[in-house]
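Hi,

Here is the structure I promised to pass on. Have it open while you read, and my notes on the strands follow below.

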Amino acid sequence: MLMEWDFQDVNCGEHKEGSRAYCQSDLFKPATPLVYHNEGNGKFKEVSANVGMNKPGKGLGVAVADYDRDGWMDILIANDAVPQSLFHNKGDGTFEEIGMISGLALDGSGATYSGMGVDFEDYNNDGWPDVVITDLANQKYALYVNGGDGSFSYSATMTGIAGATLLHSGWGVKFFDFDNDGWKDIVVAQAHVMDTIETSEPHLHYREPPLLLHNVAGKKFVDVSRASGKAFEERWVGRGVATGDLNNDGKIDVIVASNDGPAWILLNETPGGNHWITLDLEGVKSNRDAIGANIEISTKGGSQFATVTTGGSYQSSSDRRVHFGLGSESTVERIEVHWPSGITQILTNILADRKVKIREQAGAPK
């Protein structure tokens, strides 16, 4: 959490034994993000002021994507009770904060909220990364659709997310296609920050089950938690969420970290015969893990887009392999990889239901 605080500073809640509560973030000073530049000699240097990211905030979640598709990775920070921050990469080693200008800073009514978990992926398959940000109960999780012109529109209400999340508090969050139908769904680790919340607001809960939202063709999200197994009935103090195909069966699994408790593994056993493909990129001229590479795949059913990243969610790191559900399509007609180096690499007519290793080719067309 990027803010200045100390347990000795303030005492919130009722002043009696067992009633001390977490204080509202408004009582603490904001702090600037920390940016560490790899000096290449085994050492790092803090450079937030040099790169233009020394704007104070109360950051809890960080995600990266090239939101305007200019070839440079941008940085989104979910802030607690202050406007959300979007740092646009200017391509010269510096960033410009444009959260308010882009439409990402506030919710649909122009208010701030307690941004916690965040993910930055294209949920409607139009080629432009969209945003989901979780927050506290009574605020509704935020969803923003990328307009493709440098702007975002608040879409939590029209997509059904607002109604499904009004009474929930969310932390880790990830876009992922749990049923391989070709549309990215959403999973959220949930729990209120206050372990005494039920004494003051009995309709809210400290422990909550995780939330699974099914993406209906990029138009709306439907809560399918109750139909998705016993794990979605158990109440945890959820915090982190990471995703990845743990057993390499072509279905993306979920790990939920809990506060002062165990980690939970949600093994994906979704029935159905939808096809899939997983891409494992290795950079040569680019960084080895291909972080920041943008991928477009095309089938007869349409196109999908993704970014190679391990970040996002909340205090979590996910599988860097990129997974696509393909629905009924058994062949990927075209895979186009835009590497961080500027190289573009194209593969054609790849059979589905397999893991494909793609190594950056230095001689590939730009």
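**What I found in the strands**

Strand E23 and strand E24 (residues 302-307) run antiparallel and are joined by six bridges. Bear in mind as you look that this is a predicted model. The link between E23 and E24 is a hairpin, which gets from one to the other through two residues. If you want a pair to click on, try Asn-294, whose bridge partner in E24 is Thr-307.

E23 also pairs with strand E26 (residues 331-338), again in the antiparallel sense, and here there are five bridges. Asn-294 turns up once more in this pairing: it stands opposite His-338 in E26. So that one residue is a handy place to start, with Thr-307 as its partner in E24 and His-338 across from it in E26.

Why is E23 largely enclosed by the rest of the structure? It covers residues 294-299, and five of those six residues are buried, so the rest of the structure largely encloses the strand. For this, buried means under 20% relative accessible area.

**The four-stranded sheet**

Next, have a look at the open sheet of four strands, which goes in the order E15-E16-E17-E18 with antiparallel pairing. Which strands sit at its edges? They are E15 (170-176) and E18 (220-223), each of which pairs on one side only. On average, neighbouring strands in this sheet are turned by 25° against each other, ignoring direction.

Within that order, E16 (residues 185-190) and E17 (residues 211-216) are held as an antiparallel pair by three bridges. To find the spot on screen, pick Ile-186 and look across to Leu-213 in E17, which stands opposite.

**The three-stranded sheet**

There is also an open sheet of three strands, ordered E25-E22-E28, and its pairing is mixed. The edge strands here are E25 (322-327) and E28 (354-359), and each of them pairs on one side only. Neighbouring strands of this sheet are turned against each other by 25° on average, direction ignored.

How do E22 and E25 run relative to each other, parallel or antiparallel? They run antiparallel, and five bridges join E22 (residues 275-282) to E25. A pair to look for there is Thr-278 with His-323, its bridge partner in E25.

One thing to keep in mind when you look at side chains: in a regular strand they alternate between the two faces of the sheet.

Shout if anything is unclear.

Cheers

Technical notes: Residues are numbered from 1 along each chain as its sequence is written. This is a predicted model: local features need pLDDT of at least 70, side-chain atom pairs count only at pLDDT 80 or more; totals for chains, interfaces and linings use all residues. Side-chain values use heavy atoms; hydrogens and water are left out. Buried means under 20% relative accessible area, exposed over 50%, partly exposed in between (1.4 Å probe, protein chains only). Two strands pair if DSSP finds at least two bridges between them. Axes are lines fitted to C-alpha atoms, for helices over the stretch in contact, and angles run from 0 to 180 degrees between N-to-C directions.
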